[in-house]
Amino acid sequence: MKINDKQNELRIWIDKIGLKQKHFAELYAMDLYHEPSEDDMRIFYEKFKGHMKRDTTKIAVIDRYLDFLFTLDEFKDTSYVKPKFNFKNKLSKAFIQNMKDITKDT
């Protein structure tokens, strides 16, 4: 999966649970720093925006954001279920890519 796809996935989930990216970043910063100052919040939000724009962002960074998102009460209050993709080598790469493309549209 490419980083742009992962960034879009996070954007979609943030929107699906009714948050704005800034509010999501604030929640993440509060969890990360426990009692962040206003400067900590501002600095983290700028860092988060960079992670959401740059092609050089590591997928693991976005995965950490997604894992955090799935623990939020806002997510738990919806009817959504955390997505899980199990790769089995028995399927063709083209089929797997088609299935990923289909799930992006939902």
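The legends below go with several close-up views of a predicted model.

**Figure 1. The whole chain is built from helices.**
Let us start with the overall picture of this predicted model. The chain contains six helices and zero strands, and reading from the N terminus its elements follow the order α-α-α-α-α-α. Of the 106 residues in the chain, 31% are buried. Taking the contacts between residues at least 6 apart in sequence, 62% of them join residues at least 24 apart.

**Figure 2. Confidence along the chain.**
It helps to know where the predictor was sure of itself before looking at side chains. The average pLDDT of the chain is 87, and 89% of the residues score at least 70. Among the elements, H3 has the highest mean pLDDT, at 96. The lowest mean, 78, belongs to helix H6, which covers residues 93–104.

**Figure 3. Helix H2 packs against helix H3.**
Here we look at H2 (residues 21–33) together with H3 (residues 38–53). Their axes are 9 Å apart and form an angle of about 120 degrees. That angle makes H2 oblique to H3, since it falls outside the 65 to 115 degrees that count as roughly perpendicular and is not over 145. The crossing of the two helices is right-handed. On the H2 side, the residues in contact are Gln21, Lys22, Phe24, Ala25, Glu26, Tyr28, Ala29, Met30, Leu32 and Tyr33. Their partners in H3 are Asp40, Met41, Phe44, Tyr45, Phe48 and Met52. Sorted by class, this contact of H2 with H3 has 12 nonpolar residues, one polar and three charged.

**Figure 4. Leucine 32 in helix H2, shown with phenylalanine 44.**
Leucine 32 has its place in helix H2 and is one of the H2 residues that meet H3. How far apart are leucine 32 and phenylalanine 44 in space? From C-alpha to C-alpha the distance is 9.8 Å, with their positions 12 residues apart in sequence. Leucine 32 has a relative accessible area of 44%, so it is partly exposed.

**Figure 5. Histidine 34 in the loop that follows.**
Between H2 and H3 there is a loop, and histidine 34 is found in it. For a backbone check, this is a good place to pause. Most residues other than glycine have a negative phi. Histidine 34, although not a glycine, has a positive phi of about 65 degrees. Is histidine 34 buried or exposed? Its relative accessible area is 64%, so histidine 34 is exposed, the cut-off for that class being over 50%.

**Figure 6. Helix H2 also meets helix H4.**
H2 has a second partner in this view, H4 (residues 59–69), at an angle of about 90 degrees. The axes of H2 and H4 are 11 Å apart. The two helices are therefore roughly perpendicular to each other. Phe24, Leu27, Tyr28 and Asp31 in H2 touch Arg64, Tyr65, Phe68 and Leu69 in H4. By class, this contact of H2 with H4 holds six nonpolar residues, no polar ones and two charged. Phe24 and Tyr28 also appear among the H2 residues that meet H3.

**Figure 7. Helix H1 runs alongside helix H4.**
H1 (residues 3–16) packs with H4 at an angle of about 15 degrees, with 9 Å between the axes. The pair is therefore roughly parallel, a term used for angles under 35 degrees. The crossing of H1 and H4 is left-handed. From H1, the residues in contact are Ile3, Lys6, Gln7, Glu9, Leu10, Trp13 and Ile14. From H4, they are Ile59, Ile62, Asp63, Tyr65, Leu66 and Leu69. This contact of H1 with H4 divides into nine nonpolar residues, one polar and three charged.

**Figure 8. Arginine 54 reaches back to the start of the chain.**
Arginine 54 lies in the loop between H3 and H4. Which residues does arginine 54 touch, leaving out those up to four places away in sequence? They are Ile3 and Gln7. Arginine 54 and isoleucine 3 are 51 residues apart in sequence, while their C-alpha atoms are 8.6 Å apart in space. With a relative accessibility of 40%, arginine 54 counts as partly exposed.

**Figure 9. Lysine 100 and methionine 1.**
Our last view turns to helix H6, where lysine 100 is found. Lysine 100 and methionine 1 are separated by 99 residues in sequence and by 9.3 Å in space, C-alpha to C-alpha. The relative accessible area of lysine 100 is 23%, so lysine 100 is partly exposed. Do keep the confidence in mind here: H6 is the element with the lowest mean pLDDT.

Methods: Residues are numbered from 1 along each chain as its sequence is written. This is a predicted model: local features need pLDDT of at least 70, side-chain atom pairs count only at pLDDT 80 or more; totals for chains, interfaces and linings use all residues. Side-chain values use heavy atoms; hydrogens and water are left out. Axes are lines fitted to C-alpha atoms, for helices over the stretch in contact, and angles run from 0 to 180 degrees between N-to-C directions. Helices (H or I, at least four residues) and strands (E, at least two) are DSSP runs, numbered from the N terminus. A crossing is left-handed if the near helix is turned anticlockwise from the far one by less than a right angle, and right-handed if clockwise. Contact means heavy atoms within 4.5 Å. Ala, Val, Leu, Ile, Met, Phe, Trp, Tyr, Cys and Pro count as nonpolar, Asp, Glu, Lys and Arg as charged, and the others, Gly among them, as polar. pLDDT is the predictor's confidence in each residue, from 0 to 100. Buried means under 20% relative accessible area, exposed over 50%, partly exposed in between (1.4 Å probe, protein chains only).
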